[in-house]
Amino acid sequence: MDKKSIIGIVLIFAILVVFSLINQPSKEEIEAAKRKRDSIVQVETQRAIEAQQEAEVQKNQDKVQKDSTEDAGILAQQKMDEFGAFGNSAVGQEEFYTLENNLMKVTFSSKGGRIYSVLLKGYKTYQGDSLILFDGPETIFGLNFFAQNRSIQTEQLYFKTNTQRKNTVITGPSVKRGSEGRIKFNEENPGGKESIAFRIEPAPGKYMEYVYTLNYNSYMVDFDLNMNGMDQYIASNQSYLNFAWSFDVPRQERASRFGEDRNTYITYKFFEDEVDNLSQNKNDDEDLSTRVKWIGFKQLFFSSTIIADDAFPNAQIRQNKYEDNPDYLANFSADIAFPYEGNSQENIGLQFYFGPNHYQTLKQYDIDLERQIYLGYAIVRPVNKYVIIPVFNFLRKYIGNFGIIILLLTVFIKMILFPFTYKSYMSQAKMKALKPEVDEINAKFGSGTDKAMEKQQATMALYRKAGVNPMGGCLPMVLQFPILIAMFFFFPTSIELRGESFLWATDLSTYDSIVQLPFDIPIYGSHVSLFCLLMTVTTIFYTRLNQQTTSTQGMPGMKTMMYMMPVMFLFILNSYPAGLSYYYFLANLITIGQTYLIRSFVNEDKIRAQLQANKKKPTKKSNFQKRLEDMAKQRGMQMPKK
């Protein structure tokens, strides 16, 4: 190798060494490359871990699916053993559907095909929440029967529905169904309707079906039970199917011992017979062994009522009242017999009323549903039915303020009763004019019992000569008494007053409270009602005014009793609706005004002179008076002489 070649090789080596030194990466670049290599390794490692985890998950899912398939098979077999042919309907998932019109929203559950809850749109609870008549999984609603030696309860089965829509709102007008025996809410304005059906099928073509129909502008829900081929499953010795309905009754009104608590109970009507109810104040039950038209789960202002198209053969009803429960008032339950003839095809029709206890609304159905509203007894109810309610409804057409309506109603009633008030005052004035003569008779015969008969005869002879009827003041009061009592029942049950305010009373359907006491007074309560106080004050004033024209001599305890009565009513009516106390207050004011008006044109001296003139006239005894005197004389002759 020559010298030039050696130099060239050395130069090339030197160039390579210099080039490698120049292009050698920095320490930072080396660290970055290392981190990049580590990241790649981490990503590849993570991917490997995830792949392994996915494999494990898939393995577990396959195992769970295999186990669940096996469990489902075991569960299905258990349900088949428990429910027989209905076992395929015993497994499922609960879904909810609604039918909704302008008045209410009804929610249905696929589990049991039952009415799950009912919401009334036009009303709120006393707390301002949506008013729901009943709600929740604790509601019992379904048929119980024996099939293939098994007890079947449809509320445990999952029904299939004929719609996928979860909410149906009924707004448009259409022609109403005209099923025989069905009750229509408004025949003049039928409105639209919608139906939803729930069905269980033990076998293809064999089914039991619930069909619910809701009409526009109606509180009624039509219910049809359709059965096809069920005679092959239901025990042949069954003459009826048992329908169970039960729920806890939620509190809608402010708690009051004389309000919703007292007026929550079960009512019922026998077929073509009277309406009756369970106890208002305690737990109660009843076996209704004869045909029943309807059974109502009643609250103060609302009710849920099941109504037969024809009649239920029999039923058992039960109420369990809750004490001091802030949320619920009672538990209502009814076991109702549905007639069953064992045919291949059977249809049973009935209806549910979910709505307010409004007299006119209930009355239009013409099956005595309005009797659920307690308007009094004997002659008191007709007074409310034919006088108070018509006048009240007439005033409502033209006046929106219920305080003014009650005022005008009071004026109307006092005008009707004014002739009786006048006659009662005149009778009392005549009795007062004869008081000196009566005092003389009392002094003559003394206070002993041995001459009580002679004293009574002398007093009656005085009244007869003067032409005074001692019962003349009592009879007008007796005639006014039914109206007084009618109002006592009318105001607490009038849903029209619910939520209506007047002056300081925020709700005329319950008590007005101006002061809340830190303690509870027995009977009185823990609040102060101003309307009740005003009623008491005016009653005491009128009692004092009335004492001036009424003689209570010979009855020493009567005067005290007359003043004790207003105090007693103060305690009793303190928790009653403000509308009632307001009415009594107005009635007292008007009566006081009438008394002063009568006094202004009645001349007591003239009355006294007329009575003295009557005493001088010959009196003709009636046959009845003669018989009374003869009996008194005979009794006097038979008494042994001392």
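## Exercises on a predicted model

Ile 523 is found in the loop between E21 and E22. The structure is a predicted model.

**Exercise 1.** Determine how strands E21 and E22 are joined, and which surface feature includes Ile 523.

*Solution.*
1. Strand E21 covers residues 515-521 and strand E22 residues 525-528; the two run antiparallel and are joined by 3 bridges.
2. Within this pairing, His 527 of E22 lies opposite Gln 516.
3. The two strands form a hairpin, with 3 residues between them. In the turn, Ile 523 has a positive phi of about 70°.
4. Ile 523 also contributes to a nonpolar surface patch of about 790 Å², whose members include Ile 540, Met 561 and Phe 569.
5. Helix H10 (residues 556-573) supplies the largest share of that patch, 8 residues.

**Exercise 2.** Establish the strand order of the open sheet of 9 strands, and identify its edge strands.

*Solution.*
1. The order is E7-E9-E10-E11-E20-E17-E16-E13-E14, with antiparallel pairing.
2. Strand E7 (160-161) and strand E14 (275-277) each pair on one side only, and are the edge strands.
3. Strands E10 (residues 206-215) and E11 (residues 220-228) pair over 8 bridges in the antiparallel sense.
4. Across this pair, Asn 226 in E11 faces Glu 209 as its opposite residue.

**Exercise 3.** Locate where confidence in the chain is highest and lowest.

*Solution.*
1. The average pLDDT of the chain is 79, and 70% of the residues score at least 70.
2. Strand E16 (residues 292-298) has the highest mean, 95, whereas helix H13 (residues 623-638) has the lowest, 57.
3. Over residues 174-189 the pLDDT is below 50; this stretch has 43 contacts in the model beyond near neighbours in sequence.

How values were computed
Residues numbered from 1 in each chain as written. Predicted model: local features only at pLDDT ≥ 70, side-chain atom pairs only at ≥ 80, totals over all residues. Heavy atoms only, no water. pLDDT = per-residue confidence, 0-100. Helix = DSSP H or I, 4+ residues; strand = E, 2+ residues; numbered from the N terminus. Contact = heavy atoms within 4.5 Å. Pairing = 2+ DSSP bridges. Patch = residues over 30% accessible without salt bridge, like charges linked within 9 Å, V, L, I, M, F, W, Y side chains within 5 Å. Areas by Shrake-Rupley, 256 points an atom, 1.4 Å probe, with all protein chains shown as cover. Salt bridge = Lys/Arg side-chain N within 4 Å of Asp/Glu carboxyl O.
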